Every structure is written in C-alpha cells, then in structure tokens.
Amino acid sequence: MTGSLDEYALKRNFGETPEPGPEVEDTGQQRFVVQEHHSSTLHWDFRLEIDGVLKSWAVPKGPPEEPGVRRLAVHVEDHPVDYIDFQGTIEEGNYGAGEVKLWDNGTFELEKNEPAEMLFTLNGKRLHGRYALIHTREKQWIMLKRKS
Ligand code: MN
C-alpha cells in the first residue's frame, strides 16, 4: 500500500513554494517529525512516515507532552517523505504561507494502524513514550500520551 500525494500537489505551485515536490518514496524507515508552523493560525504539524508518505495532522495546541492531556489533531493531506527535513518560509500567496520550524523529530514504532485508532511509541527529543490518535469524526482526531 502506498499513500497518495495528489491532494498535496493540487494545493501547491512548485515554482513558487520551497516545499519538496510530490514524490512517494518508501525508505524503509519509521520516522516522525513535528513542525511549528506560523501560518495564518499557529499550529504544530505532526507527521508519521508510513506507506512512502508522511501521514499528517495539524495540532492547534501542539502535541501533548504529558499523559492525561487530550489535544485536537486535524487530519490533513499526506506529505512527501522529504518534508521531514523541511524548514523555511512559505511566501505570501502560497498555501500554508508562513514560517516552518523543526520542533521535534525521531523514530516511532507502530502498534496499531486502524481507521478508528492508531497506537505508536515515539522516540524523539521532546516527545517520547506511548501515544494514541483516536478518530472522532470526519477529519477530527484526538492525540494523547498514554500512561505507560
Ligand atoms: Mn501546517
């Protein structure tokens, strides 16, 4: 199974944005990234490398660092694997205009990947331990850190 970057490509003009092009690439790695994105509203983008793309959620208040904190995570379009290293400024007039900064990165282990629930362990610099993403409705998910 591979992800699709059609929606990613439709939203962007690659002559105008410094973001990576829409190439699916299966690296055999399981990496994650969190990018602090100063667009029209500040949010944190959480991305997991799965099926040759980065599965992505926009987290308005940022990923939880402690158990017991539930954060809304809005599912967004798959991003290319090369986006894992992307930092910089997307100029005005482009989709997601604003500054993108690296907030955390590392590897993860996937325990469960189902439409209603994803369970995984993050091994990052800021985020580490067992996490869940729980699908609530449409594009809305809840991200939380589990107790053990
Ligand atoms: Mn974003």
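Which residues are linked in a network of salt bridges?

**View 1. A network of salt bridges in the predicted model.** Glu7, Lys11, Arg12, Glu19 and Glu77 make up this network. Within it, glutamate 7 pairs with lysine 11, and the closest N and O atoms of the two are 3.1 Å apart. Both partners count as partly exposed, glutamate 7 at 39% relative accessibility and lysine 11 at 31%.

**View 2. Salt bridges of glutamate 111 and glutamate 117.** The side chain of glutamate 111 meets that of arginine 146 at 3.3 Å, N to O. Because glutamate 111 belongs to strand β6 (residues 98–114) and arginine 146 to the segment after β9 (140–145), this pair ties together parts that are 35 residues apart in sequence. Glutamate 111 is partly exposed at 42% relative accessibility, whereas arginine 146 is buried at 16%. Glutamate 117 forms a salt bridge with lysine 112 at 2.6 Å, N to O; the relative accessibility is 23% for glutamate 117 and 27% for lysine 112.

**View 3. The manganese ion and its protein donors.** His37 (ND1), His43 (NE2) and Asp45 (OD) lie 2.1 to 2.3 Å from the ion, and their spacing in sequence follows H-x5-H-x1-D. Of these donors, histidine 37 and aspartate 45 are buried.

**View 4. An aromatic cluster.** The structure holds 8 aromatic pairs. In one of them, phenylalanine 46 and phenylalanine 120 are stacked, with 5.8 Å from centre to centre and 25° between the planes. This pair links strand β2 (residues 42–50), which holds phenylalanine 46, to strand β7 (residues 117–124), which holds phenylalanine 120, across 74 residues. Relative accessible area is 0% for phenylalanine 46 and 0% for phenylalanine 120. Ring pairs join Phe46 and Phe120 with Phe32, Trp57, Tyr131 and Trp141 in the cluster.

Notes: Residues numbered from 1 in each chain as written. Predicted model: local features only at pLDDT ≥ 70, side-chain atom pairs only at ≥ 80, totals over all residues. Heavy atoms only, no water. Donors = N, O, S within 2.8 Å, 3.2 Å for Na, K, Ca; no water. Buried < 20%, exposed > 50% of the residue type's maximum accessible area, 1.4 Å probe, protein only. Phe/Tyr/Trp six-rings, centres within 6.5 Å; stacked < 30°, edge-to-face > 60°. Helix = DSSP H or I, 4+ residues; strand = E, 2+ residues; numbered from the N terminus. Salt bridge = Lys/Arg side-chain N within 4 Å of Asp/Glu carboxyl O.
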